[in-house]
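Here is a friendly walk through some local details of a protein model. Please have a look at the sequence and the structure first, and then read on.

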Amino acid sequence: MKLKYQLFVVLLVASALLIALMLAVNSVSFQRQFITYVNSVEQKRLEPFIEELSATYETERSWDWINRGSWGVLMRKHSVEKRVAHIPPRHPPTRHPPPNGAKTDRQNKQKNIHPPPGSGKKKRGQPWLTLFDSQRVMVVGRRTDHKQMEWLPISYSEGTAGYLGLVRHRQLNQRLDQEFARQQRRNFIYAALAMAVLSALIAAPLASRLIRPLSDVNESISALSSGNFQYRASTAQTDEFGDLARNINSLGETLEQNKAARQRWIAEISHELRTPVAVLQSEIEALQDGIRSLDADSVKSLHSETLRLGRLIDDLHQLSVSDIGALSYRMTSVDLSLLVANFLGAHKNSFEVKGIEVRFTHANATVRGDEARLNQLLDNLLQNTLRYTHAPGSLEILIKRTTDTVELIWSDSSPGVTDEDIPHLFDPLYRAEKSRNRQTSGSGLGLAIVNKIVSAHGGRATADHSDAGGLQIRISLPANINSVNTINQEVS
């Protein structure tokens, strides 16, 4: 069963249960309230009867004047003689005389006018009032459980003369009252049925409306699954369905960007590999055709192109394994200042040949990292500086310690990069030099590998313009121990 129909059934069943509960509560409440109303009406009707009892007691100063005959006359005078329970006869009426020895209804009625004391049974046509004196001793009437009575005081000038015991209704006995109650119950049932039908009419479009956003989201997921990453779901909803649609749209944008990056990545890799392979092929064909002789220069040229192709393949491998998290890291406590100082000392000749002056300012700061990977990071930064910085040039390296981070700032001199290039410097195969001259520029993977290594150490790498007109790479790594005094060191 589809979710729309399940939701419709749930809404309809919930409405039906609520309507049934409301019907039951209303029926019970009406029954109780109506019985209370009938009792209050009877109590109000007895006020003239109580007033006459009070006036007579005021004159007589006792209840001796009450006898059974005068009590009945007084009740008939005020039309409160009997409370008749209209109970249908068990057998249909007959006009045949009763069997011999059987008493007539009139005889039974006369016999039951004065029931024996202690009889608490309510029979048809029995008196329903009892008179008590001020001590609540019965004067006239019938014995009834006091818990079933309403005690109406009979007052006179000197206090309370007695009480009139009114047997409260426990159920509706009058035929008109019963008919009125039945009519009200029928009305409640008709209203409940009407409300059930109305609930069904409301539940159907409501279920469709609630499911519509989910259908849109399902359609969006189907489109993304089929490869249509440009499909976008409607985000007009402001509820959880709207949040889900926006998240799916964000997923679609990410997938679209990844698809474009993958296509660009494949195109650029093929372009990068095509050039050295084409050079090797052309030089080998020239040797085969006798255009060039196989001498030391030819072998050197072939070896140079082979090295370039090997470096490119190695960079691609390093970047791919870092993307899938396959690079191994052995984290230890590393003195970053000592690591950079040793690295610069090992490459002193490279800076001298290029004509680059190096200034190194640092604070002794320790990080938790992989020494081999950090050396690889420094080597990529070094190659980037040696490849692009014009001679004579300069390189300023600064290591400073903050509260919980260690910053390595690598700033070289001109030439610099444009503002448009800075956000893309860490993208794989991106070159700021538009000519893409492979004699001066690299593969475009060095800074991308730097960014991967920094991320693996829990740090962050950013690029900006340097004060010397070149490029500044700022690397932030989590600190391991407190730093010590700053030491200035200059490497020539």
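The notes below go through helices, a surface patch and some backbone details.

Please keep in mind that this is a predicted model.

**Helix α10 and its cap**

A good place to begin is helix α10, which covers residues 371-388 and so counts 18 residues by the DSSP runs used here. From its first C-alpha to its last, α10 reaches 26 Å, close to the 26 Å expected at 1.5 Å a residue. What caps the N-terminal end of α10? That role falls to D370, with a side-chain oxygen 2.9 Å from the backbone nitrogen of A372. Further along α10 there are a number of buried residues, including R373, Q376, N380, N384 and T385. Leucines also appear in the buried set, among them L374, L377, L378, L381, L382 and L386.

Beyond α10 comes a loop that leads to β8 (393-401), and P392 is found there. The peptide bond from A391 to P392 is cis, with omega near -10°. Another cis peptide bond joins S414 and P415, where omega is about 5°. P415 has its place in the loop between β9 (405-413) and α11 (446-456).

**A glutamate in α6**

Helix α6 spans residues 240-289, and E283 is part of this helix. Is E283 buried or exposed? E283 is buried, because its relative accessible area of 12% falls under the 20% cut-off. Leaving aside residues up to four places away in sequence, E283 touches R292, S298, S301 and L302.

**A nonpolar patch**

On the surface, V197, L198, L201, I202, L206 and L210 form a nonpolar patch, and together they have about 540 Å² of accessible area. One of these residues, L210, is found in helix α5 (residues 175-225). L210 is partly exposed, with a relative accessible area of 38%.

**Two arginines with positive phi**

The next table puts two loop residues side by side.

| Residue | Phi | Loop | Relative accessible area |
|---|---|---|---|
| R61 | about 60° | between α2 (47-60) and α3 (68-77) | 39% |
| R136 | about 65° | between β1 (129-133) and β2 (138-140) | 41% |

R61 has a positive phi although it is not a glycine, and R136 likewise has a positive phi without being a glycine. R61 is partly exposed, because 39% lies between the 20% and 50% cut-offs. R136 is partly exposed as well, at 41%.

How values were computed:
Residues numbered from 1 in each chain as written. Predicted model: local features only at pLDDT ≥ 70, side-chain atom pairs only at ≥ 80, totals over all residues. Heavy atoms only, no water. Helix = DSSP H or I, 4+ residues; strand = E, 2+ residues; numbered from the N terminus. Buried < 20%, exposed > 50% of the residue type's maximum accessible area, 1.4 Å probe, protein only. Contact = heavy atoms within 4.5 Å. Expected span 1.5 Å × (residues − 1). Polar contact = N/O pair within 3.5 Å; in protein donor to acceptor, adjacent residues only side chain to side chain. Patch = residues over 30% accessible without salt bridge, like charges linked within 9 Å, V, L, I, M, F, W, Y side chains within 5 Å. Areas by Shrake-Rupley, 256 points an atom, 1.4 Å probe, with all protein chains shown as cover. Salt bridge = Lys/Arg side-chain N within 4 Å of Asp/Glu carboxyl O.
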